[in-house]
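Subject: Structure handover

Hello,

Here is the structure I promised, with my notes below it. Please open it alongside the text.

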Amino acid sequence: MPTWTALTTLPEQAPAQALSLALESLDPAPTAVGVLEVEDGSGLWEVGSYFTERPNIAGLSLLAAAHDAKEFAVSRVEDRDWVAQVQRELTPVEAGRFFVHGAHDADKVPQNAIPLRIEAAMAFGTGHHGTTKGCLLSMERLAKAGLMAERTADIGCGTGVLAMGAAALWRRQVIATDIDPVAVATAQENVRANGLAPWIRTGQAAGLRSPLLTEAGPLELILANILAKPLSRMAPEIAGAAAPGGVAILSGLLTWQAPGVEAVYAGFGFRRAHRMTIGEWTTLTLRRF
């Protein structure tokens, strides 16, 4: 599948983050957006976006002009076996008791760890990103505090790593859904490889609109590692699906975005139970009252 990148720079962090949010409204929308400080002492911030369809060049130009950014440099990424490359470079990740690894590192699993085998694929979630690690650590924290999640949903499951973490912790029902059929297929493969199929059901769905989720009943735990904007839009759905006293672990949030998302969920009966920051990313644990 061809991939396009669109990159630009701005002199300050706040305008760069504002531009990154505006990029989500493009049609076609980017599959990922990132903001990074250019580490050359220039003080510039880079805004990068990635597309699986040719991006709207005119739309990018308008956004750059509106945010006083340089014109986007758009390029098509050469076709390459990215999966094979990532598999070669993928190193294990420890997140509390969780040990996320590829098959080539199966012999490195520490004693008493919870191993989660993830093979590189065209889906998000290998444990290396601060958002995924934050969710795994937040789940473990809840388990140590005594939570018994009888019914869990992983919304936007990607590789299925969070769903598998929940199933490994509690050995209870977990629903894993994603809007992307490739992600669903990847999650299914990983679930089988980890021997967790008895507890995890997978399916394609947008948000929480799925018979799999409605039939599951009120959820004790909802995992959603997505982005700030869609998480805010999904607040009514997540509140409606959560059991009284249920917990939502939300991530994919730049630290400066977390207070806004938390405020949205407060309007739907959630209160913060915990907040974890790893690098520039924050994971929120919210409880519904």
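How many aromatic pairs does a search of the whole structure find? The search finds one. The pair is Tyr 265 with Phe 270, and it counts as edge-to-face because the ring planes stand at 70°, over the 60 degrees required. The ring centres are 5.6 Å apart. Tyr 265 and Phe 270 are both buried. Please keep in mind that this is a predicted model.

**The seven-stranded sheet**

One open sheet has seven strands, in the order S10-S9-S8-S11-S12-S14-S13. Its pairing is mixed. Strand S10 (200-204) and strand S13 (270-278) form the edges, each pairing on one side only. From one strand to the next, the twist averages 15°.

At the S13 edge, the partner is strand S14 (residues 281-288). The two run antiparallel, over eight bridges. Within that pairing, Arg 272 sits opposite Leu 286 of S14.

At the S10 edge, look for helix H6 (residues 181-193). H6 lies across S10 and strand S9 (173-178). The angle between H6 and S10 is about 165°.

**The three-stranded sheet**

A further open sheet has three strands, ordered S5-S6-S7, again with mixed pairing. Strand S5 (93-95) and strand S7 (114-117) are its edges. Here the twist averages 20° from one strand to the next. Strand S6 (residues 98-101) pairs with S7 in the parallel sense, over four bridges. Phe 98 stands opposite Ile 114 in S7. Helix H4 packs on this sheet and touches S5, S6 and S7. The direction of H4 makes about 35° with that of S5.

**Helix H4**

H4 covers residues 130-144. Does its length agree or disagree with what 15 residues should span? It agrees: at 1.5 Å a residue the helix should span 21 Å, and its end C-alpha atoms are 21 Å apart. The buried residues of H4 include Cys 135, Leu 136, Met 139, Glu 140 and Leu 142. Just after the helix, Gly 146 takes a positive phi of about 105°.

**The nonpolar cores**

The largest nonpolar core holds 33 residues. Those touching the most other members are Leu 116, Leu 136, Met 139, Trp 170, Ile 200, Leu 221 and Ile 249. Helix H5 (residues 161-170) gives the largest share, nine residues.

Ile 200 is a good place to start looking. Beyond its neighbours within four places in sequence, Ile 200 contacts Ala 163, Met 164, Ala 167, Val 174, Ala 176 and Val 191. Another core, of 27 residues, lies apart from the largest one. Its members include Ala 153, Ile 222, Ala 224 and Ala 248.

**Leu 63**

Leu 63 is in helix H2 (residues 57-66). Is Leu 63 buried or exposed? Its relative accessibility is 15%, so Leu 63 counts as buried, the cut-off being under 20%. Which residues does Leu 63 touch, not counting those up to four places away in sequence? They are Leu 19, Ala 22, Leu 23 and Leu 26. Ser 20 makes a useful distance check. Leu 63 and Ser 20 are 43 residues apart in sequence, but 9.8 Å apart in space, C-alpha to C-alpha.

Best wishes

Technical notes
Residues numbered from 1 in each chain as written. Predicted model: local features only at pLDDT ≥ 70, side-chain atom pairs only at ≥ 80, totals over all residues. Heavy atoms only, no water. Pairing = 2+ DSSP bridges. Axes fitted to C-alpha atoms, helices over the stretch in contact; angles between N-to-C directions. Contact = heavy atoms within 4.5 Å. Buried < 20%, exposed > 50% of the residue type's maximum accessible area, 1.4 Å probe, protein only. Expected span 1.5 Å × (residues − 1). Core = buried A, V, L, I, M, F, W, Y, C linked by side-chain atoms within 4.5 Å. Phe/Tyr/Trp six-rings, centres within 6.5 Å; stacked < 30°, edge-to-face > 60°.
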